[in-house]
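Student: I have a model open and would like to work through its core and a few of its residues with you. Could you show it and take my questions one at a time?

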Amino acid sequence: MVTANSLTRRRSAHSRARRRVAIPLALALVLIAISLLQAEGAVAQTKSAKRSNVTVMTCYERQLAVAVNNTRKQYKLRKLKLVSGLMRSAGKHSLQMAVRGYFAHNSANGASFYARVKSFYGGGSKFFSAGENMLWAEPSAAPGEVVERWLASPEHRRVLLSGHWTVFGVGVVRATHGPGVFRGRAVMLVTADFAVKR
C-alpha cells in the first residue's frame with residue numbers, strides 16, 4: 001500500500017532527478033548553440049576575407065568603354081551606349097569569377113551567359129540578342145591592350161566589331177590573390193556584355 005506521504009517523497013525524488021538531467025542538458029544545448037554561432041562567424045569571416053582581396057575597378061571600366069568605342073569608330077561602326085543593366089551583368093560575372101576562382105562564360109550556378117545578360121537587360125523585349133567577351137590578365141594590362149587581345153582572336157573580334165549591337169556594359173575587377181584556376185596570382189578579370197533588343 002502506497003501512502004500519500006511516500007508518494008510525495010517519490011515525486012520529490014523524481015523531480016530532483018529530472019532537474020539533475022535537465023540542467024546538464026540545457027548547458028549542453030547552450031554550448032552547441034555557441035559553437036554553431038562561432039562556426040557561422042568563421043564562415044562569414046572567410047567569405048569576407050575572400051571578397052576583401054577583390055577590388056572593383058570603376059575608373060578602368062570607364063577607360064575600357066572608351067577604348068571599345070574608339071576601336072569601333074576606327075572600323076566605321078556605331079558608338080555603343082553604356083547601360084546600367086549590362087554594367088551590372090558584366091560586373092557581377094567578373095566579381096563571381098574572381099571570388100570563386102573560375103573562368104567561363106557560364107555563371108557559377110551553370111546558367112548560360114545569355115540567360116544572365118537577358119535577366120539584367122532583355123526583359124520585356126520581343127527581340128533580344130547578346131554577345132560576351134572576357135579576359136583575364138595581369139593587373140598592369142592597359143585598356144587598349146585588352147581591346148588588342150580581343151581583336152587578335154577571331155571569335156572575340158567578331159563580337160567586338162559586330163554592327164548588330166546598340167548597347168554594352170563592362171565589368172572589371174582585380175584580385176590580389178586569385179583563388180582556384182588563378183593559383184593565388186594577382187589577376188584582373190574583364191567581362192564585356194553587348195546586346196540589342198527591340
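Tutor: Here are some questions and answers about this predicted model. Residues are numbered from 1 along each chain as its sequence is written. Local features need pLDDT of at least 70 and side-chain atom pairs count only at pLDDT 80 or more, while totals for chains, interfaces and linings use all residues, and side-chain values use heavy atoms, with hydrogens and water left out.

Student: What is the mean pLDDT of the protein chain, and over which residues is it below 50 with 0 contacts beyond near neighbours in sequence?

Tutor: pLDDT is the predictor's confidence in each residue, from 0 to 100. The chain has a mean of 83, and 74% of its residues reach 70 or more. Residues 1–11 fall below 50 and have 2 contacts (heavy atoms within 4.5 Å) beyond near neighbours in sequence. The stretch below 50 that has 0 such contacts is residues 33–49.

Student: Which residues have the most contacts inside the largest nonpolar core?

Tutor: A nonpolar core is a set of buried Ala, Val, Leu, Ile, Met, Phe, Trp, Tyr and Cys residues joined through side-chain atoms within 4.5 Å; buried means under 20% relative accessible area, exposed over 50%, and partly exposed in between, with a 1.4 Å probe and protein chains only. The largest one here has 26 residues, and those with the most contacts inside it are Leu64, Trp150 and Phe194.

Student: Which elements give two or more residues to this core?

Tutor: Helices (H or I, at least four residues) and strands (E, at least two) are DSSP runs, numbered from the N terminus. The contributors are helices H2 (58–74), H5 (143–152) and H6 (154–160), along with strands E3 (128–137), E4 (167–175) and E5 (187–197).

Student: Is Asn133 buried or exposed, and which backbone oxygen does its side chain reach?

Tutor: Asn133 lies in strand E3, and its relative accessible area is 1%, so it counts as buried. Among the residues it touches, leaving out those up to four places away in sequence, are Trp150, Leu160 and Phe194. Its side chain makes a polar contact (N or O atoms within 3.5 Å, one able to donate a hydrogen and the other to accept it; residues adjacent in sequence count only if both atoms are side-chain atoms). At 3.0 Å, the partner is the backbone oxygen of His156.

Student: Which residues do ring pairs link into a cluster?

Tutor: Rings of Phe, Tyr and Trp (its six-membered ring) pair if their centres lie within 6.5 Å; planes under 30 degrees apart count as stacked, over 60 as edge-to-face and the rest as tilted. The structure holds 4 aromatic pairs. The cluster is formed by Trp165, Phe168 and Phe194.

Student: Which residues of helix H4 are buried, and what covers them?

Tutor: Helix H4 spans residues 113–122, and its buried residues are Arg116, Val117, Tyr121 and Gly122. Their cover includes helix H3 (84–100) and strands E3, E4 and E5.

Student: Is Arg183 buried or exposed, and how far is its C-alpha atom from that of Gly101?

Tutor: Arg183 is in the loop between E4 and E5. With 74% relative accessibility, Arg183 counts as exposed. Arg183 and Gly101 are 82 residues apart along the chain, and their C-alpha atoms are separated by 8.3 Å.
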